[in-house]
Amino acid sequence: MIVIDAVTKRYPDGTTAVDRLTLEIPDRSITVLVGPSGCGKTTTLRMINRMVDPSGGRILLDGHDIRERPVNALRRSMGYVIQHAGLFPHRTVIENIATVPRLLGWDRSRARARGLELMERVGLDTALAKRYPYQLSGGQQQRVGVARALAADPPVLLMDEPFSAVDPIVRKGLQDELLRIQADLGKTVVFVTHDIDEAIKLGDMVAVLREGGRLAQYAPPAELLSAPADEFVEDFLGADRGIRHLSFFGTEGLELTAEPIVAEDATTEQVRAHTIPQTPYVLVTDTEGRPRGWTHAADRAAGLPTELLPYGHAFTYGQDSLRAALDSAVLSPTGWAVAVDAEGRAIGVAAQETIAAAIRGAHATVGPRDSVRGVLA
Ligand SMILES: Nc1ncnc2c1ncn2[C@@H]1O[C@H](COP(=O)(O)OP(=O)(O)OP(=O)(O)O)[C@@H](O)[C@H]1O
């Protein structure tokens, strides 16, 4: 565990970057430091690997003051990833990744094998091993940065806005990759971002800092969304905090009806039998049971020509969150969400009112499930 104990950082010009910050950063989980520009996130991170010395307080790693350890040994136990990756421009991808193993005295072939293994782990084609950083996209460079930080298998990973300089789609890919890697490796990750959505998606714990380097709230993301400590945190979370909170409620238990679902080759009698009073539409599926679209039930039952209305997007029952289900209903031309199983087969539909009732029930009974990571659709 990393303990930040009443740490203050005052720069020589008098700026108080961090003010009596106390945080317990649990092992094998992702702790995110988030807050507006200049609130002391980077300074805090750099105090953990001693790139910046605190003016007051102390930082403990596994119970020992980090000042007791030789700084080089400390830094090698902490992978460090920064914005724009900070790769060595005159070294190839594989040489960049192998930097720390080589410093640790590994021979060339062992360091190279480790480098190739890490390229695969971070989702990089090993054919890129001999390229130079300028021959890579921004997202690929960040992956190399993550691989390099992991090369000597450090227990701690410090990440300073690592995904901020790439476009939203690449960024989502990098975030998903980090979660996958973390599920495998279980590092103690301290992650800095100014993006609250990124914090909520990645963090097991989220520390919201306010200007002057003071802690506004330290909580799991679901708790942050359900109970912001004050107006500053509430503003920082944004106006759609209620909707985002739904990411933490699962869809298992959501009441579905399979009645208004018919196969595309259904007879008029079958369509009539599957028509329900709550909606004038039935959902048409292909021969495999995958949704194709909504159609007007009475017209279809009367044998009239009908068109298929797009169903928007389906949600995977039991896997996606209530947020995804609500989104599916809101985007559906009929106001009904389509639930599919893991194979993409339609298993039922749910009206907006049913989903709203499930949301009320979830808030009233179980409360936010901290163990469920946000499924930010
Ligand atoms: N070397 C320095 N000398 C003086 N002031 C500094 C120094 N480094 C940072 N600061 C100041 O300390 C405060 C915190 O900076 P820091 O970089 O830690 O914030 P941050 O939250 O990471 O910001 P950003 O999101 O913009 O990167 C800011 O007011 C900054 O101007």
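This report describes a six-stranded sheet, the helices packed on it and the largest nonpolar core of a predicted model.

## Basis

In this predicted model, local features need pLDDT of at least 70 and side-chain atom pairs count only at pLDDT 80 or more, while totals for chains, interfaces and linings use all residues. Residues are numbered from 1 along each chain as its sequence is written.

## Sheet

Six strands form an open sheet with mixed pairing, in the order β6-β7-β8-β3-β9-β10. Strands (E, at least two residues) and helices (H or I, at least four) are DSSP runs numbered from the N terminus; two strands pair if DSSP finds at least two bridges between them. The edge strands, pairing on one side only, are β6 (78-82) and β10 (214-219). Neighbouring strands are turned by 15 degrees against each other on average, direction ignored.

Strand β9 (residues 205-210) pairs with β10 in the antiparallel sense over five bridges. Opposite A207 stands Y218 in β10.

## Helices on the sheet

Helix α1 (residues 41-48) packs on the sheet and touches β3 (30-34), β7 (156-160), β8 (188-193) and β9. Its direction makes about 155 degrees with that of β8; axes are lines fitted to C-alpha atoms, for helices over the stretch in contact, and angles run from 0 to 180 degrees between N-to-C directions. Helix α6 (residues 138-150) lies across β6 and β7, at about 165 degrees to β6.

## Nonpolar core

The largest nonpolar core (buried Ala, Val, Leu, Ile, Met, Phe, Trp, Tyr and Cys residues joined through C-beta atoms within 7 Å) has 105 residues. Buried means that 20 or more other C-beta atoms, placed from the backbone, lie within 10 Å of the residue's own. A147, A325, A337 and I355 touch the most other members. Domain 1 (2-248) and domain 2 (261-364) each supply at least three residues, with bounds from an automatic or database domain assignment.

Leaving aside neighbours within four places in sequence, A337 is in contact (C-beta atoms within 7 Å) with F315, A325, S328, A329, S332, V349, A350 and I355.

Note on methods
A residue is buried if 20 or more other C-beta atoms lie within 10 Å of its own, exposed if 12 or fewer, and partly exposed in between; C-beta atoms are placed from the backbone. Two residues are in contact if their C-beta atoms, placed from the backbone, lie within 7 Å.
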